[in-house]
Amino acid sequence: MSERGHAGRRNLGAAPAIEEEPAICFDRATLAYSDRVVWSELSLTVRPGEFLAVLGPNGSGKTSLLRALLGLAPLAAGQLDVLGRPPRRGDPAIGYVPQHAGFDRDIPLRGRDLVGFGVDGHRWGFGRLSRDGRRRVDAALEAVAARPYAEAPIGRLSGGEQQRLRIAQALVGEPQLLLCDEPLASLDMRYQQEITELIGDWARQKRGTVVFVTHDVNPVLGYANRVVFVVNGRWAAGSTDEVLTTETMSGLYDAPVEVLRVRGRIVVVGEASGAGFDIDEPHHFPAPLGAHQ
Amino acid sequence: MIDQLIHMLGYEFVQNALVAGVLVAVVAGLVSRFVVARNMSFAVHALAEVGFTGSAGFILIGLSPVLGLLTGSMLTALFIGALGLRIRERDSVVGVIMAFGLGLGVLFITLYPRYSGEAFAILLTGAITTVSRGDLMLLAAVAAVTIVGLGVMYRPLTFATVDPLVAEARGVPVRLVSILFLLMLAAAVAEAVQIVGVLMILTLLITPGATAERLTAQPGLATVASVGIALLATLGGILLALVTAVPVSFYVTTVAFVCYLAARAGSPLLESLGARRSAP
C-alpha cells in the first residue's frame with residue numbers, strides 16, 4: 001500500500017488509486033507494555049470495506065492491536081486514527097467479537113439478553129430495552145439466523161450458536177468497523193466457515209470494515225483482501241499473495257520458513273530459532289489447550 | 001400460636017426487626033445475584049469477618065457496633081479493590097486481608113474490659129431483635145444508598161459481570177464498576193450481619209442468588225426471584241423465631257436452604273416445561 005517500509009518491516013503492494021478517508025490509519029505506531037515493545041513503527045492503512053486479517057503466532061501482539069483500536073491500549077509512539085479520529089473507549093461505530101470462551105451452564109442469560117447488551121449494556125440505569133431496542137435485537141437475531149434459540153439459556157448452546165449471538169451483539173449497534181479477536185478459535189470446521197461467512201457477508205453488504213485476528217488464515221482466504229502478519233515486533237502487510245510467501249515470511253521470522261499452497265489452503269512450515277513459535281498450521285480440529293506449543 | 005404472634009407484633013422491637021428485615025433482604029437479594037455470578041463468596045466472608053473486627057473495635061471505644069461493622073467491611077472492600085482486581089489475584093488478596101483483620105479482632109476482644117463474649121457472640125450469630133431505633137435509621141439509610149446505587153449501575157454491572165471483555169470494549173468502566181460493587185457488597189454484608197450474624201452471612205448473600213439461577217434463565221426475573229427468596233427467608237425466619245425459643249438465624253438459614261433444595265429438585269421440571277413451551 002502507500003506506506004513505506006521500515007527496517008525489518010514491509011508494506012507490499014500498490015498505493016490506492018482513490019483518496020478516501022481511511023477506516024484505520026496506523027502511522028509509525030509503537031505499542032509497548034512497560035518495558036516490552038509489542039510492535040513498533042507500524043504503518044498501515046485500511047480503507048472502508050476492506051477485510052484485514054491479522055496473523056501471527058501467539059503473543060505477537062494481535063490482540064493488543066485490537067485493544068489499541070478500541071482505545072484500551074494507548075500507543076507509546078506514533079499515531080492511530082480510527083474512522084477519522086483518535087481511538088476512544090466505547091466508540092459506538094465499532095463492533096467487537098471476542099474469542100469464544102463459553103458461558104457457565106447455569107448463568108441466567110439468554111441469547112436475546114446478550115444481544116441486548118450490544119444496544120445499551122454500557123448505559124447507566126436499570127436498562128429496560130425500549131421498543132425500538134427490542135426491534136433492533138430481533139433484527140440482529142434474524143440476521144444471524146439465531147431466532148430459534150434466542151430464548152434458550154445461553155450456557156446450553158453450542159459454541160457456534162454462541163458465536164452467532166456474539167456477532168449479532170456486535171452488529172446490533174450498526175457499526176462501521178467490526179473487530180474480531182480469534183472468533184473461530186475452538187470451533188469446528190463447519191462453524192468456522194459459517195461464522196466467517198456471516199462476517200464476510202456483512203462486510204460486503206454494508207461495506208463495513210473488518211479487522212479479523214486469526215492464527216489460521218485459511219478460513220478467511222475467500223474474504224480477506226489484506227493481511228498483516230506480526231511476529232517478534234516485526235510486521236508485513238499486503239495481499240495474501242504478497243505477504244504469505246516463503247521470502248517474506250522467512251524475512252519476518254529471520255529464519256527459513258516455507259509457505260506451501262496445497263489444495264487452496266496455505267500452510268506455513270518452518271523452524272524458527274529461539275522464539276519457540278508455532279506458525280499457523282492448518283487447524284482442522286480444535287486442539288486441546290497447549291497442544292500447539 | 002397465631003395469637004401469640006399477633007401479640008408479639010405489637011412490640012416495638014418486633015416491628016423494628018421486621019422493618020430491618022425487609023431492608024436487609026432487599027439489599028441482600030439484589031447483591032446476591034452478582035455475588036454468585038462473580039464468584040465472590042470468599043470476599044463476602046472476608047468482608048463479614050473484618051466487619052466483626054470493626055464492630056469489636058467500635059464497642060471497645062464506646063461507639064455503635066453497627067457503624068463499626070460498616071466501617072470494617074468498607075475498609076476491607078477498599079483494600080481488596082486496591083490490591084486485587086484481577087481475578088487470579090483476588091482470592092489470595094482476600095485471604096491475606098481477612099487473616100490480618102481477624103487478628104485485630106482478637107486483639108480488640110482481649111482489650112475489652114467487661115464481660116467477655118456476650119456482645120461479640122451476638123455479632124457472630126445475629127440479633128436482629130436487639131436493633132435500636134437509631135441503628136434502624138442507619139440501616140435504612142445504608143440500604144437506601146445501596147439500592148439506589150445498584151439501580152444506577154445495574155445494567156453496566158450485569159454486562160461487566162457476564163461478559164467483561166465485550167463490556168470493556170463497549171466502554172463500560174469495568175474497573176470502576178468492580179470497585180463500586182465491592183463497596184455495595186460491603187454495605188450489604190454489614191446489613192445482613194444484623195440478621196444472621198457473621199457466621200451465617202452466606203445464607204443471605206449466596207443462597208438467594210444461587211436459588212434464583214435455578215429457577216429462570218431470564219436475568220431480570222432471576223433478580224426479582226433472588227429478592228423474593230431473601231425476603232421469604234428473612235421475614236419467615238423472624239416470625240418463626242418469635243413463637244419459639246430458637247434464634248432467628250437458624251430459621252433464616254433453614255428457610256433459605258429449603259428454597260434452594262426445592263429449586264434444585266424443581267429445576268429439571270421447569271426446564272422441561274420451558275423446553276415444551278419454546279418448541280415449535
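**Around B:Leu5 and the A/B interface**

Guide: Let's start with B:Leu5: beyond its neighbours within four places in sequence, this residue is in contact with B:Leu239, B:Leu242 and B:Val243. Bear in mind that this is a predicted model.

Visitor: What makes B:Leu239, B:Leu242 and B:Val243 contacts of B:Leu5?

Guide: The test is that C-beta atoms, placed from the backbone, lie within 7 Å, and B:Leu239, B:Leu242 and B:Val243 are in contact with B:Leu5 on that basis. For B:Val243, the C-alpha atoms are 6.4 Å apart, though 238 residues separate the pair along the chain.

Visitor: Where does B:Leu5 sit in chain B?

Guide: In helix α1, which covers residues 2-9.

Visitor: Why is B:Leu5 called partly exposed?

Guide: Buried takes 20 or more other C-beta atoms within 10 Å, and exposed takes 12 or fewer. B:Leu5 has 13, so it lands in between and counts as partly exposed.

Visitor: Which elements of chain B give two or more residues to the side that touches chain A?

Guide: First the totals: 25 residues of chain B are in contact with 26 of chain A. On chain B's side, the elements giving two or more residues are α7 (133-162), α8 (164-169) and α12 (219-242). The largest share, eight residues, is from α7(B). By class, chain B's side has 15 nonpolar, five polar and five charged residues.

Visitor: How do you know how confident the predictor is about chain A?

Guide: From pLDDT: chain A averages 85, with 86% of the residues scoring at least 70. Over residues 1-8 of chain A, though, the pLDDT is below 50. Residues 273-293 of chain A also stay under 50.

How values were computed: Residues are numbered from 1 along each chain as its sequence is written. Chains are lettered from A and ligands numbered from 1 in the order in which they are written. This is a predicted model: local features need pLDDT of at least 70, side-chain atom pairs count only at pLDDT 80 or more; totals for chains, interfaces and linings use all residues. pLDDT is the predictor's confidence in each residue, from 0 to 100. Two residues are in contact if their C-beta atoms, placed from the backbone, lie within 7 Å. Helices (H or I, at least four residues) and strands (E, at least two) are DSSP runs, numbered from the N terminus. Ala, Val, Leu, Ile, Met, Phe, Trp, Tyr, Cys and Pro count as nonpolar, Asp, Glu, Lys and Arg as charged, and the others, Gly among them, as polar.
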